[in-house]
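Q: Could you take me through one helix and one buried serine in it, and then work outward to the packing and the charged pairs elsewhere in the chain? I'd like to follow it at the bench with the model open.

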Amino acid sequence: MSLTFPEKGLLVLVGSNNAGKSNILRAIDALLGDSWFTTDKLEIYDHYCRNRNNDIEIRVEFDTGYQVCFDMNNKMPRYLDDFGRTIYGNKGNVKEDFPCTYLDASRNLSREMEFRNWTLMGKISKSFSKAINKSKEDLLKEKFNEIMDIFNGVENFVSFKIDFVRYFDEMQVNSSYQLKVDFKPFTPSNYFKTINILASDPNLSDKFDIELDELGEGSRNTVLLALLRSYAKNFRNDAQGIISVEEPEIFIRDFAGLPLKNGDR
């Protein structure tokens with residue numbers, strides 16, 4: 001089976017339940033998603049008719065000439081540049097060269113809100129950090145130092161830092177591999193990693209913030225899609241590649257207020 005993505009616009013997979021739409025998205029995510037895929041992660045149901053003798057082959061080609069290939073002869077996918085040369089994960093940023101953002105039907109909001117490299121909020125934080133110019137970075141450092149002066153005035157804060165480092169050094173004295181620990185100094189991304197999205201209820205006072213975990217599934221799903229759309233619009237260069245959403249209509253109502261059909265897209 002072969003799919004060609006349009007340069008702009010949407011590619012919509014339409015079919016009945018259990019037709020294999022999710023399998024296509026899972027295959028793309030396995031090669032391009034935020035985790036590293038290996039043959040060890042294959043399940044019996046990944047093989048056609050649950051027969052392990054049926055080999056699996058996946059290939060994704062970008063218009064840059066880059067491609068990623070997976071087959072049963074190799075433990076991990078192979079990432080190739082436009083000359084067909086292997087790009088190794090420890091020498092190149094494979095996850096940026098082959099970008100993909102995938103929201104599955106479970107809509108794991110808590111996971112996507114974590115500030116890890118390839119979660120949605122992690123990508124948004126990284127894009128904001130890249131957008132900071134030198135003057136604003138200097139201003140943030142200045143303000144950060146003012147905050148640290150306040151922290152250093154808190155009782156036991158300085159002594160706690162000193163003891164923390166000293167105890168760590170004492171307990172690893174016989175180790176052949178030495179680590180150095182400390183409170184991480186300022187970087188612009190640290191500020192963006194403090195972003196906390198909160199909701200409010202017009203029936204309650206403005207002083208009552210609502211955590212996203214308190215929202216219903218429909219509102220949580222809408223938060224994720226709104227984040228994804230805002231990211232794609234405001235950071236077009238960073239949000240390139242494949243953005244795939246499984247069953248985008250889940251919990252979404254049309255303009256007439258009627259629920260859209262579920263399970264057909």
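**Ser127 and its surroundings**

A: Happy to. Setting aside residues within four places of it in sequence, Ser127 touches Tyr231, Phe235 and Asp238. Please keep in mind that this is a predicted model. Ser127 sits in helix α4, which covers residues 120-131. Its relative accessibility is 4%, so Ser127 counts as buried, the cut-off being under 20%.

Ser127 has buried company in α4: the helix's buried residues are Leu120, Met121, Gly122, Lys123, Ile124, Ser125, Ser127 and Ser129. What do these residues pack against? Their partners are β4, α3 (109-112), α7 (188-192) and α8 (217-234). The length of α4 can be checked too: 12 residues at 1.5 Å a residue should span 16 Å, and the C-alpha atoms at its ends are 17 Å apart, which agrees.

Next, the nonpolar interior. The largest nonpolar core contains 20 residues, and those with the most contacts inside it are Leu31, Leu32, Val68, Phe70 and Phe98. At least two residues of this core come from each of α1, β1 (58-61), β2 (67-70) and β4 (100-103). The biggest contribution is that of α1, with six residues. Another core, of 15 residues, lies apart from it and includes Leu109, Leu212, Leu228 and Ala239.

Val68 is a good residue to click on in the 20-residue core, as it is among those with the most contacts there. Beyond its neighbours within four places in sequence, Val68 is in contact with Leu31, Leu32, Ile58, Arg59, Val60, Pro77, Arg78, Tyr79 and Phe98.

Nonpolar side chains also turn up at the surface. Met1, Leu3, Phe5 and Leu11 make a nonpolar surface patch of about 430 Å². Of these, Leu11 belongs to the segment before α1 (21-32). Leu11 has a relative accessibility of 36% and therefore counts as partly exposed.

Now for the charged pairs. How many salt bridges does the structure hold? There are eight. One of them joins Asp81 and Arg85, whose closest N and O atoms are 2.8 Å apart. The two ends sit in different settings: Asp81 is buried, with a relative accessible area of 8%, while Arg85 is partly exposed at 49%.

Asp213 and Arg220 form a salt bridge as well, at 3.2 Å from N to O. Here Asp213 counts as exposed, with 57% relative accessibility, and Arg220 counts as buried, with 13%. Elsewhere, Asp163, Arg166 and Glu170 are joined into one network by salt bridges that share partners.

Within that network, Arg166 and Glu170 form a salt bridge whose closest N and O atoms are 3.3 Å apart. Both residues belong to helix α6 (residues 157-171), where they are four residues apart, about one turn of the helix. Arg166 is partly exposed at 38% relative accessibility, and Glu170 is partly exposed too, with a relative accessible area of 46%.

To come back to where we started: Ser127 is buried, and its contacts beyond its sequence neighbours are Tyr231, Phe235 and Asp238. With α4 on screen, you can follow its buried residues to β4, α3, α7 and α8.

Key
Residues numbered from 1 in each chain as written. Predicted model: local features only at pLDDT ≥ 70, side-chain atom pairs only at ≥ 80, totals over all residues. Heavy atoms only, no water. Salt bridge = Lys/Arg side-chain N within 4 Å of Asp/Glu carboxyl O. Buried < 20%, exposed > 50% of the residue type's maximum accessible area, 1.4 Å probe, protein only. Patch = residues over 30% accessible without salt bridge, like charges linked within 9 Å, V, L, I, M, F, W, Y side chains within 5 Å. Areas by Shrake-Rupley, 256 points an atom, 1.4 Å probe, with all protein chains shown as cover. Core = buried A, V, L, I, M, F, W, Y, C linked by side-chain atoms within 4.5 Å. Contact = heavy atoms within 4.5 Å. Expected span 1.5 Å × (residues − 1).
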